[in-house]
Number of protein chains: 2
Amino acid sequence: MSGKRVVIIGAVALGPKAACRLKRLDPGAEVLMVDQDRYISYGGCGIPYFISGDVSDIRELMSTSFHMERTPQFFEDAKGVRVLVRTRATQIDRQKKVVRVRNLDSGAEDELPYDKLVIATGSRPNRLPIPGIDLPGVVSISDLHSAEAVKESIAAGRVDRAAIIGAGAIGCEMAEALSDLWGIETAVIEAENEVLPGILDRSLARMVRAHMEEKGIAIHLGRKVGRIESADGGGLELDMGGETLRADLVITAVGVRPNSELAREAGLLVSPRGGIVVNRRLETSDPDIYAGGDCIEVQHLVTGKPVHFPQGSLANRQGRVIGTNLAGGAARFEGTVGSFSIKIFDLAVASAGITAQAALQSGFDAQPAMVVQADRAHFYPTQDLVFLQLTVDRKTRRVLGAQAVGKNGDAVVGRINAIAAVLPFRATVEDLSNMEIAYSPPFASALDVVNAAGNNAENILDGLNRTMEPSEFEERFLKGRAKDAVCLDVRGPANAAPFVKHFGDRWCNIPQETLRNRLADLPEDCDLLVVCNSGVRSYEALRQLSEAGITRATNVQGGIAVLKKSGMLETDEQEQPQ
Amino acid sequence: MSGKRVVIIGAVALGPKAACRLKRLDPGAEVLMVDQDRYISYGGCGIPYFISGDVSDIRELMSTSFHMERTPQFFEDAKGVRVLVRTRATQIDRQKKVVRVRNLDSGAEDELPYDKLVIATGSRPNRLPIPGIDLPGVVSISDLHSAEAVKESIAAGRVDRAAIIGAGAIGCEMAEALSDLWGIETAVIEAENEVLPGILDRSLARMVRAHMEEKGIAIHLGRKVGRIESADGGGLELDMGGETLRADLVITAVGVRPNSELAREAGLLVSPRGGIVVNRRLETSDPDIYAGGDCIEVQHLVTGKPVHFPQGSLANRQGRVIGTNLAGGAARFEGTVGSFSIKIFDLAVASAGITAQAALQSGFDAQPAMVVQADRAHFYPTQDLVFLQLTVDRKTRRVLGAQAVGKNGDAVVGRINAIAAVLPFRATVEDLSNMEIAYSPPFASALDVVNAAGNNAENILDGLNRTMEPSEFEERFLKGRAKDAVCLDVRGPANAAPFVKHFGDRWCNIPQETLRNRLADLPEDCDLLVVCNSGVRSYEALRQLSEAGITRATNVQGGIAVLKKSGMLETDEQEQPQ
């Protein structure tokens with residue numbers, strides 16, 4: 001029964017969690033949460049599903065798992081936590097230990113004294129610095145109000161065409177939400193060269209893009225919107241450096257930034273990137289003030305560097321840490337490995353750690369290693385492919401990241417979760433080779449895709465498997481039409497036939513099991529780009545070529561499965577089952 | 001190009017893996033595999049799916065993922081590995097470094113010289129020492145021949161009733177295989193008091209049993225078959241200590257034991273439990289002889305003790321280790337955490353580490369900690385419950401094991417895989433509280449069930465959550481009808497009403513959010529067994545009671561969800577959605 005006064009600024013994810021945890025540990029604490037909104041304690045990550053209609057009532061996003069709405073009254077009754085809504089914190093006076101607040105309805109101002117303060121002010125969408133960004137119909141869906149407004153205009157039939165600026169997680173989720181259930185003609189514009197930049201490396205990102213395009217989303221990559229204007233006859237016109245795009249609704253989704261002004265003005269340490277700086281107890285530079293959730297920076301456990309990673313999951317876990325520490329405990333939040341998942345139409349995408357591209361930029365001697373394998377025993381009647389790429393460090397053999405794409409979402413995300421779980425322990429490729437995935441035919445292969453990924457990475461690092469990335473194959477073979485490289489297809493003739501027909505001399509088919517006896521049939525004076533369906537038989541072939549002293553061969557990672565899934569390779573013929 | 005001669009005894013899982021890995025690393029090695037069967041390199045774990053008909057052709061179990069049958073010719077052509085089938089190894093002469101073999105068709109004997117030898121002799125079913133075990137119609141389905149024979153007799157309509165002795169993994173899988181697609185009236189007899197003994201603790205095992213019973217399987221627990229006889233009028237009669245059971249087919253599934261006689265006769269070290277003893281390089285006590293797969297013992301990474309854990313997944317990973325070491329490498333197999341999964345009708349069961357019961361027996365200060373939570377955000381339209389129980393050590397806070405049951409198999413197994421992944425790192429409950437499960441509403445809650453499990457275990461270990469196991473609640477309240485205990489139901493009135501009606505005074509309903517103001521309504525002079533749907537609101541209630549100085553309350557782990565799912569609690573009324 002401490003009687004200590006705790007004020008929490010922000011009542012969405014971290015705030016309520018910290019408040020309730022504290023009250024369970026120290027029922028005598030006086031806990032007061034303030035929020036400028038009237039909607040509190042909602043699952044903002046559910047907004048795309050509210051827009052799509054999967055979640056029909058916005059109150060579901062504000063309810064407990066046992067269907068009670070988390071209103072101020074609920075917090076008061078069930079948790080003993082007071083909440084002031086429509087109340088904006090305007091200043092933190094650390095000397096007087098008060099928070100100044102203003103009621104947004106009455107304008108009344110007040111001072112809330114605190115012994116301990118929690119800053120849970122979250123983040124806000126980045127604003128594109130372009131003309132027209134304030135026009136009606138241009139929104140960034142960052143809260144329930146904007147979500148309600150957008151859904152209302154959609155439901156009223158006022159949106160036939162939509163443009164989404166930014167192909168990150170929210171942009172991709174919104175593309176599905178608008179297109180799949182509402183049938184809105186949707187375009188996505190992304191300044192980078194692939195969708196989900198920073199989350200996926202190129203090969204997997206292309207698979208996602210190909211899938212979105214199949215679903216009818218128009219994707220404009222490497223393009224920036226320079227200006228938005230009201231169009232003649234209604235709607236909006238987006239200028240993408242000459243080319244224009246019409247839309248009734250424009251959603252900007254170009255990232256978020258921490259709401260750290262209040263902290264900065266109070267003299268708390270804020271990083272150059274805008275995140276409030278905290279230690280592992282989530283104390284700010286003032287030990288009486290904690291901060292957590294989207295407004296802080298945390299340590300990335302792979303790179304060791306500070307990172308802003310706004311996720312409801314981190315906010316919840318940090319909230320518990322703060323609640324414990326407010327009650328006198330010593331809980332720690334060590335950092336993040338960046339675990340991520342998203343559903344985009346029928347595909348699941350998941351990742352943890354860092355991409356190969358990011359790893360190279362961070363100074364690692366990074367190597368990507370991709371496998372394609374069924375999520376179940378190959379003889380089990382139902383199964384789907386998992387496309388799994390590791391980023392590994394050549395020097396230390398450490399696993400720096402993993403990313404996966406596939407149709408069976410729980411299987412895809414489950415594999416990434418298992419890898420994410422060991423990243424804080426600085427796992428090596430050998431740890432993945434030996435990871436004990438629970439085996440039975442309905443749920444895994446005897447040698448699971450995670451193990452296969454580890455083995456493959458080992459083989460690459462040990463120089464046994466000399467590989468080429470699919471995009472390199474595309475550049476050199478598919479686009480380059482180089483004469484000095486022939487594709488050696490080691491699958492059965494039925495699989496290879498349409499490719500041989502299409503590529504002629506440049507596509508040589510020698511099934512792997514016949515290779516040792518047919519070395520004389522290999523084309524001469526050229527590099528051999530070895531492919532099979534997944535990269536496994538081609539690895540076997542590579543070893544046999546190596547045995548025969550033939551070192552001009554390279555294995556195309558992920559094989560035909562990746563080339564097709566990413567849309568790099570299309571043949572007119574329907575492929576025979578192998 | 002070493003030219004070293006390697007002989008491998010056994011060509012099912014480990015043998016082929018070791019052989020092929022070796023050939024990829026050292027193409028010059030001469031590799032010869034011998035097997036007494038004519039079927040080789042098959043997925044024995046697929047047998048239940050062949051019996052059920054999910055896998056229609058037995059050759060699928062012997063095929064690669066690219067649908068080539070793994071015949072001796074395939075190994076010769078694709079892998080450069082020679083295979084002798086129908087060839088039994090009769091003796092290992094370590095002085096002469098030869099394996100004596102006999103061809104089972106011709107009777108011809110031969111000596112195979114080796115530089116390095118691999119013993120991959122697998123395991124065989126335990127044989128029940130009871131009269132009648134050799135009668136026609138009594139089988140243990142341990143290889144493809146017996147699987148074919150059983151399926152043939154089922155397909156011919158000769159099996160109306162089946163009895164399965166043993167409710168372990170294979171017994172449960174076979175029960176589904178016989179009953180679900182063939183409609184065979186199936187009984188399972190188990191000497192222990194629950195199904196899946198040693199794999200699940202009692203609460204979760206009861207859920208599995210309840211599900212099997214719902215599916216029409218008759219389960220006889222704590223019963224032993226003393227004798228099997230031919231019945232008058234055909235079929236078999238099983239005597240279970242007085243009670244008899246009729247069946248056309250009896251399948252015994254009472255565990256397996258290592259085939260280690262050959263090793264023992266050669267003077268190699270074999271454990272008292274029959275497993276060949278190996279070090280972490282998988283060398284036997286003779287450094288020129290490796291062993292792996294079902295015939296060896298490995299270290300359990302939680303208990304530190306040797307264990308026989310026959311799994312195709314371990315065999316495959318050990319095969320690779322042996323292949324690497326045969327080629328001069330230094331790969332290691334560190335041991336097992338006992339990851340396990342099984343599908344039983346519509347339920348998935350997965351586990352890793354050890355049960356609470358086993359932990360207590362091993363001398364740990366073991367505490368079970370159960371949570372029940374949806375596999376997705378609670379507002380996401382499709383979701384299933386995951387029932388997840390941890391076993392944790394009070395002293396060290398180490399996670400000793402995890403077990404889970406649920407309908408969405410990939411989600412259930414994925415969670416266990418993530419926990420299994422950190423068991424070798426001696427993870428604590430705090431590691432689970434902070435585990436970074438990839439969050440998005442279609443795939444996880446913001447605070448995932450794994451995190452909730454860690455938090456719950458923390459709360460129990462810290463004395464914040466005083467819990468009672470569901471089976472204790474059953475004994476004391478449901479069966480005991482004790483007058484000194486009242487169930488305090490803190491859910492809404494609609495949920496509680498049928499229970500109040502059924503139990504009268506013994507069931508007191510005070511919703512959690514009203515509790516602080518209704519302390520006067522609590523029944524006096526009795527223990528309070530607090531329940532909600534899952535154990536979460538009841539924990540909140542417990543904290544509030546504690547605040548009010550009421551210490552006679554205990555939280556029933558897993559709440560009504562577990563009591564119902566396990567069949568402990570049935571009410572006639574249909575429960576209202578809360």
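**Reading helices, sheets and a chain pair**

User: In this predicted model, the axes of helix α1 (residues 14-25) of chain A and helix α8 (residues 312-326) of chain A come within 7 Å and cross at roughly 35°. What are two packed helices described by?

Analyst: Two packed helices are described by the angle between their axes and by the distance between those axes. You have just quoted both for this pair: within 7 Å and roughly 35°. To that we can add the hand, since α1(A) passes α8(A) in a right-handed crossing.

User: Which residues make the contact?

Analyst: On the α1(A) side, look for A:Leu14, A:Lys17, A:Ala18, A:Arg21, A:Leu22 and A:Leu25. On the α8(A) side, the residues include A:Ala315, A:Gln318, A:Arg320, A:Ile322 and A:Leu326. By class, the contact of α1(A) with α8(A) has seven nonpolar, five polar and three charged residues.

User: And at roughly what angle do the axes of α1 and α8 cross in chain B, or rather, what is the value there?

Analyst: In chain B, the axes of helix α1 (residues 14-25) and α8(B) come within 7 Å and cross at roughly 35°. The crossing of α1(B) and α8(B) is right-handed. Among the residues that meet there are B:Leu22 and B:Leu25 in α1(B), and B:Ile322 and B:Leu326 in α8(B). The classes in this contact are seven nonpolar, five polar and three charged.

User: Let's turn to sheets. In what order do the three strands of the open sheet in chain A lie?

Analyst: A general idea first: in a regular strand, side chains alternate between the two faces of the sheet. Here the order is β4-β5-β6 in chain A, with antiparallel pairing. β4 (87-93) and β6 (109-113) are the edge strands, each pairing on one side only. From one strand to the next, the twist averages 30°.

User: How many bridges hold β4(A) and β5(A) in their pairing?

Analyst: Six bridges, in the antiparallel sense, with β5(A) covering residues 98-103. To find the register on your screen, start from A:Ile92, which stands opposite A:Val99 in β5(A). Then go to A:Arg88, whose bridge partner in β5(A) is A:Arg102. The two strands form a hairpin with four residues between them, and A:Lys97 in the turn has a positive phi of about 55°.

User: Over in chain B, is β22(B) buried or exposed?

Analyst: Count the neighbours of each residue: 20 or more other C-beta atoms within 10 Å make a residue buried. Seven of the seven residues of β22(B) are buried, so this strand is largely enclosed by the rest of the structure. Its pairings are worth tracing: β21(B) and β22(B) run antiparallel and are joined by five bridges, while six bridges join β22(B) to strand β25 (residues 399-406), again antiparallel. B:Ser351 is a handy landmark, as B:Phe340 stands opposite B:Ser351, and B:Ser351 stands opposite B:Gln403 in β25(B). β21(B) and β22(B) form a hairpin with two residues between them, where B:Phe345 in the turn has a positive phi of about 55°.

User: Why does A:Gly53 count as partly exposed?

Analyst: Because A:Gly53 has 15 C-beta neighbours inside 10 Å. You will find A:Gly53 in the loop between α2 (47-52) and α3 (72-79) of chain A. Its C-alpha atom is separated by 36 Å from that of A:Arg273, 220 residues apart along the chain.

User: What relates two copies of a chain?

Analyst: A rotation about an axis and a shift along that axis. Chain B can be laid on chain A by a turn of 180° and a shift of 0.0 Å along the axis, with an RMSD of 0.0 Å. That is the relation of a two-fold axis.

User: And how many residues of chain B are in contact with chain A?

Analyst: 76 residues of chain B contact 76 residues of chain A. Elements that give two or more residues to this side of chain B include α8 (312-326), β22 (347-353) and α12 (449-461). The largest share, 11 residues, comes from α10(B). By class, this side of chain B divides into 37 nonpolar, 24 polar and 15 charged residues. Also, 100% of the interface residues of chain B are interface residues in chain A, so the copies meet through the same surface.

Terms used:
Residues numbered from 1 in each chain as written. Chains lettered and ligands numbered in written order. Predicted model: local features only at pLDDT ≥ 70, side-chain atom pairs only at ≥ 80, totals over all residues. Contact = placed C-beta atoms within 7 Å. Nonpolar A, V, L, I, M, F, W, Y, C, P; charged D, E, K, R; others polar. Least-squares fit on C-alpha atoms with pLDDT ≥ 70 in both. Axes fitted to C-alpha atoms, helices over the stretch in contact; angles between N-to-C directions. Left-handed = near helix turned anticlockwise from the far one by under 90°. Pairing = 2+ DSSP bridges. Buried ≥ 20, exposed ≤ 12 C-beta atoms within 10 Å, placed from the backbone.
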